[in-house]
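Student: I would like to learn how to read a structural model of a protein, feature by feature. May we begin with the pairing of strands?

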Amino acid sequence: MPVLITKFDPWKSELCTCPPKYSFNPYTGCSHACLYCYITSYIPDPFHARLKKDLITRLKKELRTKKIDTYISMSNSSDPYTPEEAEYKATRKCLEIFKERKIKVLIVTKSDLVVRDADIISKMNASVSMTVTTLRNDIAKKIEPNAPSPKRRIMALKKLKENGIPCSVRFDPIIPGINDEKIGELVAEVSKYCQHIVSSTVKPRRDSLRRLKEALPEVMEDMQFVRMGNSYYLPSYLRYELMKRVRDACNVHGITFAVCREGFDMNTAKTCDGSHLIPVRQGRGDILL
Ligand code: SF4
């Protein structure tokens, strides 16, 4: 059986500025079925989430010998709150295990289902990174068809904040002509509940580019890309302009900002992915500063 907790591997991307971390996915595949998702390039039947076999037994066994000296990012190749999680509660069980062992976790999701586990997360060394790409339901439905609506994600951020859970937002990806119009409004809205935004422009791989072109031909057909490694990047001036708009809005609203794999020196936070927000709690939820 392959190991469950692996060293985070950004495909040797020179533009990745993530701190050393581990990756852990309770599920293989993800049912949110985002148009731009890159897992379709390496996971069979990618948009049908399957619970990993003997997950809990294997995780406990692995943690007997493995020392997690940084933090676990959960998840990078699936959403830990893919719709199936409502029934399986596997992510919840994994969080319990990490909590007992005081393992630091960055929970990366697009789902308000994460609020169900606020009772555990609020006692963990954990932070939530919620992806919000637009405030408009119609756009979200097009690009992230099976993920909860933007309104539900923002309500989730509000509830997480009320539970004392530090949150960041992934405003990722920004696709010009699709979700770049209301950058200031989005940042204003989420900044009420989060302390940090990490953002990125769209960087499709060959298969996700095909999907985007099929679904959004009027915008994608004429979009100019430059190939970098396995991904297609927008021209540098456009990427910088979009990232600057997000950063400026973050500055206005008093939260920190970072880019993801853009190669621009414009971050205002200690980490890009928001992992600097992971608290160190002692006993009954006290936070050590
Ligand atoms: S939520 Fe993440 S892993 Fe799931 S389909 Fe969307 S981009 Fe892919």
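Student: How many bridges join strand β5 to β6, and do the two run parallel or antiparallel?

Tutor: In general, the strands of a sheet pair through backbone hydrogen bonds, in either a parallel or an antiparallel manner. Please keep in mind that this is a predicted model. Here β5 (residues 72-74) and β6 are parallel and are joined by three bridges. Within this pair, M74 stands opposite I107 of β6.

Student: How many bridges join β6 to β7?

Tutor: There are five bridges between β6 and β7, and these strands also run parallel. As an example, L106 has S127 in β7 as its bridge partner.

Student: Which strands make up the sheet, and in what order?

Tutor: The order is β1-β2-β5-β6-β7-β8-β9-β12, an open sheet of eight strands with mixed pairing. Its edges are β1 (5-7) and β12 (256-259), each of which pairs on one side only. From one strand to the next, the twist averages 25 degrees.

Student: Which helices pack on the sheet, for instance against β7 or β9?

Tutor: One of them is helix α6 (residues 150-162), which touches β7 (126-131) and β8 (167-174). The direction of α6 makes about 165 degrees with that of β7. Helix α10 (residues 236-252) also packs on the sheet, touching β8, β9 and β12. Its direction makes about 165 degrees with that of β9.

Student: How is β9 joined to the edge strand β12?

Tutor: Strand β9 (residues 196-201) runs parallel to β12, with four bridges between them. One of the pairs places I197 opposite its bridge partner F257 in β12.

Student: How should burial be read along a strand, and why is β6 described as largely enclosed?

Tutor: Burial is judged by counting the C-beta atoms around a residue, with 20 or more inside 10 Å as the cut-off. In β6 (residues 105-109), five of the five residues are buried, so the strand is largely enclosed by the rest of the structure. Both faces are covered: V105, I107 and T109 are buried on one side, and L106 and V108 on the other.

Student: Is F24 buried or exposed?

Tutor: F24 counts as buried because it has 26 C-beta neighbours inside 10 Å. This residue is found in strand β2 (residues 22-24). Leaving aside neighbours within four places in sequence, F24 is in contact with L4, I5, I72, M74 and S75.

Student: What surrounds the ligand?

Tutor: The surrounding residues are C30, H32, A33, C34, C37, I39, S78, D79, K110 and A147. A shell may then be read by residue class: this one divides into six nonpolar, two polar and two charged residues.

Student: Finally, how is the chain as a whole to be read, and why is it called as compact as a globular protein of its length?

Tutor: One begins with the elements: the protein chain has ten helices and 14 strands. Its radius of gyration is 18 Å, close to the 19 Å that the globule rule gives for 289 residues, so the chain is as compact as a globular protein of that length. Along the principal axes, the C-alpha trace spans about 50 × 40 × 35 Å. Of the 289 residues, 42% count as buried. As for contacts between residues at least 6 apart in sequence, 72% join residues at least 24 apart.

Key: Residues numbered from 1 in each chain as written. Predicted model: local features only at pLDDT ≥ 70, side-chain atom pairs only at ≥ 80, totals over all residues. Near = placed C-beta within 6 Å. Nonpolar A, V, L, I, M, F, W, Y, C, P; charged D, E, K, R; others polar. Pairing = 2+ DSSP bridges. Axes fitted to C-alpha atoms, helices over the stretch in contact; angles between N-to-C directions. Contact = placed C-beta atoms within 7 Å. Rg over C-alpha atoms; globule rule 2.2 N^0.38 Å. Buried ≥ 20, exposed ≤ 12 C-beta atoms within 10 Å, placed from the backbone.
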